[in-house]
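I opened the model today and kept notes as I went. I began with a term I would need for the entries below.

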Amino acid sequence: MEASCKAEISTEETPSLKHSGMAQLPESTNCLACSEDGRYLSLGHSRGLSVWRVSSLMCMANWLQRRLEITFIQMTTMAEMVYLLGTVDDMGVARVFAYHCDSIHLLSVINIMEDINRRSICLTFELSERGHYGAASFICNGAVWLEVFHFPTDAWLKELKTAVSHHPNSPRDLDVTWSLLTVEAKIKPPKIPAALEGQLEVLQTADFLTHCLALDVDIDRHQWNECFNKDSEKTMETIVKSRCCTHHFLLPCSKFPGESKVLSQPELPVAVCVWWKGSHNLLHYLLQKTTKNKSNVEPIPDMLWPNAKEILCSAVSRCTRYIALGLDDGLVCVWDRQSGSPLSVVLVTATDSALFRIHFVDYWPVSTENCQTFASAVHVLVVCKSGTIHTVTIRRGTESYTVLVNESPKDSRDLPSMTAPVSFLQNLFLVVQRNGKMILKDVINDKTVCFLIPPKTLLISTPCKPVYALDTEQQTLFIRGDSDPDCSADSKKDRQSQLLIYDFRESEIIRQYIGLPHSPQQKTSFATLAETCNLYLQQRGLSVDERNKAIMETWMKLQEYAVTAQQNLTRAEVN
């Protein structure tokens with residue numbers, strides 16, 4: 001940053017959008033989250049957490065504790081005007097709260113510290129939409145695992161009503177015993193069954209699931225030993241973190257057995273998919289299974305999807321029908337849960353650096369007449385570690401293609417530190433660079449739509465990891481801004497962090513990108529197996545011309561290759 005009060009951003013022909021509002025934040029606000037209905041904004045900070053009303057930016061409730069700093073927060077609607085909050089603090093403790101009637105209630109502490117020598121540290125925590133389930137990854141004494149929880153939402157709602165009616169004016173829960181959550185599954189990194197340990201010839205002829213898991217175990221051992229060989233000073237915690245997992249909740253998609261029982265509750269997850277760092281396999285675990293004693297059983301994957309290369313990053317479409325995997329060697333694989341097979345495998349780049357992040361792009365042409373047909377075309381955004389960004393368009397049965405959206409910047413300060421889809425603006429992504437610049441980019445048409453400009457005396461806080469939230473209902477961006485150290489501040493108040501508000505509805509530049517309330521990719525088809533097969537055959541029929549064209553092009557290339565190979569062979573014989 002230059003020493004001036006604010007570094008000038010050269011916009012030239014690209015328009016800019018200024019903030020529409022501002023409010024003072026609590027000290028050390030580390031995280032923000034919006035409710036789905038757009039009514040409330042939750043904030044995690046150095047003294048606990050707060051809930052603000054979006055319309056007035058007034059603080060409606062606080063949950064405060066000394067020496068407790070919230071570093072992660074998530075918010076979801078549990079019922080009408082009842083919200084569930086999941087948090088993680090700086091000591092790695094995960095908690096579940098409820099916000100109701102202008103009060104915050106602590107419902108559960110996920111990992112209570114009973115023995116300091118066996119303290120589990122929460123690395124990630126996620127609530128499923130509507131708060132039926134939660135999933136958290138932990139490390140403890142060299143072990144790492146994922147726990148999936150089932151929340152007693154119906155019981156909590158009754159207990160909240162009782163608590164409010166008995167103590168309407170009390171900020172604390174007096175004599176309230178909250179129902180306990182249950183552990184649905186405790187998932188550990190894959191391992192070879194003890195009976196097959198060391199029997200390579202048996203593993204080679206074992207069932208498909210065991211064989212794939214054994215390959216992952218072998219790779220994991222190699223990487224573990226490599227870590228110690230390269231750096232004997234590396235701490236156990238650092239090594240364990242490198243073996244952590246990524247998970248996604250999956251909604252009904254008529255492919256898993258037993259899903260027909262929950263089709264009346266389309267928002268209820270039916271499975272969780274998991275992949276471990278260094279693994280080639282995407283593992284699926286069904287929820288709501290009838291197990292007599294879940295606490296003593298390590299679940300076996302109900303489904304395994306193998307991949308040719310190591311998984312580096314992943315994303316799930318909003319309807320959860322599609323799962324995109326960024327693989328090693330620049331490959332992208334998109335799996336279709338309805339067919340249970342890859343939609344396509346695409347080589348994004350053979351020369352660029354490793355894939356770093358992957359997102360689904362909300363894109364639906366207005367002229368599309370058949371949403372079922374369009375659902376076979378999927379758009380994903382891929383970010384490489386070098387800073388290059390690619391858009392990948394994938395269609396079943398036809399040739400997929402990639403578009404370079406952003407080249408690798410020459411200046412490291414121009415590297416994108418954050419890319420996030422703006423779900424209510426079709427094609428658009430919010431890109432934050434290391435230098436603090438904020439950009440709205442149309443990734444389908446490769447166009448910079450506008451720059452988001454903060455006030456002259458403020459900078460975007462921690463550009464490498466900005467504190468922000470997108471309000472889908474209000475179509476607004478909330479992001480934290482800090483005072484520019486190069487600018488003179490008249491008082492302590494002027495030096496405090498501010499909540500910057502960008503209302504995209506007020507901008508003529510962005511209005512054209514405001515899409516329909518529900519895009520085709522948001523709609524999940526709850527088809528029977530027969531209907532799924534019919535839809536698949538229908539899509540195959542509609543794409544027959546394109547597939548025939550692709551086959552002819554491939555055949556011509558093979559013929560050209562055969563001629564070239566024959567000519568080379570003839571020359572070799574002559575020589």
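I call a residue buried if its relative accessible area is under 20%, and exposed if that area is over 50%. The model is predicted.

**Entry: Cys-333.** I asked whether Cys-333 is buried or exposed. Its relative accessibility is 2%, under the 20% limit, so Cys-333 counts as buried. I found Cys-333 in strand 21. I then listed its contacts, leaving aside neighbours within four places in sequence. They are Asn-307, Ile-323, Ala-324, Leu-325, Leu-327, Pro-342, Ser-344 and Val-345. I also checked Cys-333 against Ile-311, which is 22 residues away along the chain. Their C-alpha atoms are separated by 9.7 Å.

**Entry: Arg-337.** I moved on to the loop between strand 21 (331-336) and strand 22 (341-347), where Arg-337 sits. Arg-337 has a relative accessible area of 1%, so this arginine is buried. What does its side chain reach? I found the backbone oxygen of Leu-251, at 2.9 Å from the side chain of Arg-337.

**Entry: whole chain.** I stepped back for the totals. The chain has 575 residues, and 49% of them count as buried. I noted nine helices and 34 strands. The chain exposes about 29100 Å², with 52% of that supplied by carbon and sulfur atoms. I also looked at contacts between residues at least 6 apart in sequence. Of these, 54% join residues at least 24 apart.

**Entry: nonpolar cores.** In soluble globular proteins, nonpolar side chains tend to be buried together. I looked up the largest nonpolar core here and found 25 residues in it. Leu-84, Val-96, Ile-110, Phe-125, Phe-151 and Trp-156 touch the most other members. Several elements each supply at least two residues of this core, including strand 7 (70-79), strand 9 (94-100), strand 11 (121-127) and helix 1 (153-166). Which element gives the largest share? Helix 1 does, with four residues. Apart from this core lies another, of 23 residues. Val-422, Phe-424, Leu-428 and Val-449 are among its members.

I followed Leu-84 further, not counting residues up to four places away in sequence. Its contacts include Met-75, Met-78, Val-96, Phe-97, Leu-107, Leu-127, Phe-151 and Trp-156. Leu-84 also touches Gln-74, Thr-76 and Gly-131.

**Entry: rings.** I counted eight aromatic pairs, taking rings of Phe, Tyr and Trp with centres within 6.5 Å. Tyr-40 and Tyr-83 form an edge-to-face pair, 5.2 Å centre to centre, with 70 degrees between the planes. This pair links distant parts of the chain. Tyr-40 is in strand 4 (residues 40-45) and Tyr-83 in strand 8 (residues 82-89), 43 residues apart. Both tyrosines, Tyr-40 and Tyr-83, are buried. I found that ring pairs link Tyr-40, Tyr-83 and Tyr-99 into a cluster. I also noted Lys-186 over the face of Trp-145, 4.8 Å from the ring centre.

**Entry: positive phi.** I looked at two residues that are not glycines. Arg-130 has a positive phi of about 75 degrees. Arg-130 lies in the loop between strand 11 and strand 12. With a relative accessible area of 33%, Arg-130 is partly exposed. Thr-462 has a positive phi of about 35 degrees. I placed Thr-462 in the loop between strand 31 (458-460) and strand 32 (468-471). Thr-462 is partly exposed, at 47% relative accessible area.

Key: Residues are numbered from 1 along each chain as its sequence is written. This is a predicted model: local features need pLDDT of at least 70, side-chain atom pairs count only at pLDDT 80 or more; totals for chains, interfaces and linings use all residues. Side-chain values use heavy atoms; hydrogens and water are left out. Rings of Phe, Tyr and Trp (its six-membered ring) pair if their centres lie within 6.5 Å; planes under 30 degrees apart count as stacked, over 60 as edge-to-face and the rest as tilted. Buried means under 20% relative accessible area, exposed over 50%, partly exposed in between (1.4 Å probe, protein chains only). A charge sits over a ring if NZ of Lys or CZ of Arg is within 6 Å of the ring centre and within 35 degrees of the ring normal. Contact means heavy atoms within 4.5 Å. Accessible areas come from the Shrake-Rupley method with a 1.4 Å probe; for residues, only the protein chains shown count as cover. A polar contact is a pair of N or O atoms within 3.5 Å; within protein, one must be able to donate a hydrogen and the other to accept it, and residues adjacent in sequence count only if both atoms are side-chain atoms. A nonpolar core is a set of buried Ala, Val, Leu, Ile, Met, Phe, Trp, Tyr and Cys residues joined through side-chain atoms within 4.5 Å.
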